[in-house]
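Please look at the sequence and the model shown here before reading on. The report that follows goes through charged pairs, aromatic rings, a surface patch and a few single residues.

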Amino acid sequence: MLNAVRSFALQSYLSYRGLFLWLTPVSYTSNILLRPVLAVMMFGFLAQYALDEETARAYAVGLAGYSVGRIIAGGVMQSLYRDAAFGTLAAVYASPVNRATLYFSRCILHVPNAALVALSVLGSAALFLGLGFEQVDWGGLIAAFAVMTFSTMLFSLFVATLILLSGTGWANWIIILDGLLLSLTGVIIPTAELPAVLFELGQILPVTHGLDGLRVAFAGGSGYWPDLAREAALGIGYGVVGLLLFRIAEVQAKRRGVLARVG
């Protein structure tokens with residue numbers, strides 16, 4: 001058991017250091033701090049002046065959930081993609097390493113990034129938009145961020161595996177996912193206002209249900225657990241399917257004699 005934990009921790013560390021290319025001072029600061037803060041200022045000030053202050057604060061809470069999903073998705077997807085692009089996937093396929101350990105280790109050390117982004121967004125919203133925390137259910141708020149981080153990590157691994165299977169570049173996928181998270185999860189547009197097809201699509205995206213729970217907790221309510229349970233179940237589902245697809249990608253690569261197929 002101890003060896004398994006040690007192996008998981010080592011793989012998590014090495015994959016994070018070797019495959020996460022936003023780990024330079026400029027890239028890390030811009031993605032963790034500047035980008036989410038500028039998003040709060042842009043959408044928050046727009047809502048404040050075009051609509052009202054309450055809408056601006058609602059946007060800020062939504063952007064906190066979205067920013068967590070975005071930083072996790074970008075980090076995790078590029079890490080698994082670069083496993084193939086850098087040629088390290090060849091060594092993985094030739095090794096006896098436990099595939100589940102390898103697969104899930106690609107996302108763990110992105111958790112602190114999500115926490116820092118959440119703090120950046122909420123802190124800037126308090127500073128620029130007067131977002132208050134008097135009524136917050138802190139247990140629910142922390143649980144909501146934790147569950148959204150969990151579900152987004154597993155969803156991102158699932159999407160990264162689709163990238164391996166399709167042979168496309170990860171940058172195109174993150175642009176698409178970025179738009180979906182921003183427009184269909186209730187960050188800016190309430191999900192109930194979406195057309196039926198888009199509403200149903202939003203229900204199977206990470207962040208959607210977690211954001212509903214986050215807003216309840218932020219308002220001081222206690223009825224956030226059903227939403228967080230749905231968010232967690234969605235993440236588990238993507239984790240199971242993603243691991244299965246990862247194994248399929250390995251079988252296909254060995255059958256073709258091509259260990260990596262990326263654009």
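This is a predicted model, and the description below should be read with that in mind.

**Charged pairs**

A search of the whole structure finds six salt bridges. One of them joins Arg106 and Asp83, whose closest N and O atoms are 2.8 Å apart. This pair links distant parts of the chain, since Arg106 sits in the loop between α5 and α6 while Asp83 belongs to helix α3, 23 residues apart. Are these two partners buried or exposed? Arg106 counts as buried because its relative accessibility is 7%, under the 20% cut-off, and Asp83 is buried as well, with a relative accessible area of 2%.

Glu250 takes part in a salt bridge with Arg99, at 2.7 Å from N to O. Here too the pair links distant parts of the chain, with Glu250 in helix α11 and Arg99 in helix α5, 151 residues apart. Glu250 also forms a salt bridge with Arg247, where the closest N and O atoms are 2.8 Å apart. Glu250 and Arg247 both lie in helix α11, three residues apart, which is about one turn of the helix. Glu250 is buried at 3% relative accessible area and Arg99 is buried at 10%, whereas Arg247 is partly exposed at 38%.

The salt bridges described so far are set side by side in this table.

| Salt bridge | N to O distance |
|---|---|
| Arg106 and Asp83 | 2.8 Å |
| Glu250 and Arg99 | 2.7 Å |
| Glu250 and Arg247 | 2.8 Å |

In addition, Arg35, Arg70 and Asp178 are linked in a network of salt bridges.

**Aromatic rings**

The structure holds eleven aromatic pairs. In one of them, the rings of Tyr103 and Phe246 have their centres 5.2 Å apart and their planes at 40°, so the pair is tilted. Tyr103 lies in helix α5 (residues 99-105) and Phe246 in helix α11, so this pair ties together parts that are 143 residues apart in sequence. Tyr103 counts as buried, at 0% relative accessibility, and Phe246 likewise counts as buried, at 0%.

Phe155 and Phe158 form another aromatic pair that is tilted, with 6.3 Å from centre to centre and 40° between the planes. Both of these residues lie in helix α7 (residues 138-166), three residues apart, or about one turn of the helix. Phe155 is buried with a relative accessible area of 7%, and Phe158 is buried with 15%. Elsewhere in the sequence, Tyr16, Phe20, Trp22 and Trp170 form one aromatic cluster.

**A nonpolar patch on the surface**

Phe150, Ile236, Val240 and Val241 make a nonpolar surface patch of about 330 Å². Which helix gives the most to the nonpolar patch? Helix α11 (residues 225-256) does, with three residues. Ile236 lies in this helix, α11, and Ile236 is partly exposed, with a relative accessible area of 47%.

**Single residues and their surroundings**

Ser12 lies in helix α1 (residues 2-19) and is buried, with a relative accessible area of 4%. The side chain of Ser12 reaches the backbone oxygen of Phe8 at 2.8 Å. When neighbours within four places in sequence are left aside, Ser12 is in contact with Ser105, Ile108 and Leu109.

A second serine, Ser67, has its place in helix α3 (residues 53-85) and is buried, with a relative accessible area of 7%. Leaving aside neighbours within four places in sequence, Ser67 is in contact with Pro36, Val117 and Val121.

Phe133 is found in the loop between α6 (111-129) and α7, where Phe133 is partly exposed at a relative accessible area of 25%. Its contacts, again without neighbours within four places in sequence, are Leu122, Ala126, Trp138 and Phe218. The C-alpha atoms of Phe133 and Tyr66, 67 residues apart along the chain, are separated by 19 Å.

Finally, consider the backbone at Val207. Most residues other than glycine have a negative phi. Val207, however, has a positive phi of about 85° although it is not a glycine. Val207 lies in the loop between α9 (196-203) and α10 (208-218), and Val207 is buried, with a relative accessible area of 1%.

Note on methods
Residues numbered from 1 in each chain as written. Predicted model: local features only at pLDDT ≥ 70, side-chain atom pairs only at ≥ 80, totals over all residues. Heavy atoms only, no water. Helix = DSSP H or I, 4+ residues; strand = E, 2+ residues; numbered from the N terminus. Buried < 20%, exposed > 50% of the residue type's maximum accessible area, 1.4 Å probe, protein only. Polar contact = N/O pair within 3.5 Å; in protein donor to acceptor, adjacent residues only side chain to side chain. Contact = heavy atoms within 4.5 Å. Patch = residues over 30% accessible without salt bridge, like charges linked within 9 Å, V, L, I, M, F, W, Y side chains within 5 Å. Areas by Shrake-Rupley, 256 points an atom, 1.4 Å probe, with all protein chains shown as cover. Salt bridge = Lys/Arg side-chain N within 4 Å of Asp/Glu carboxyl O. Phe/Tyr/Trp six-rings, centres within 6.5 Å; stacked < 30°, edge-to-face > 60°.
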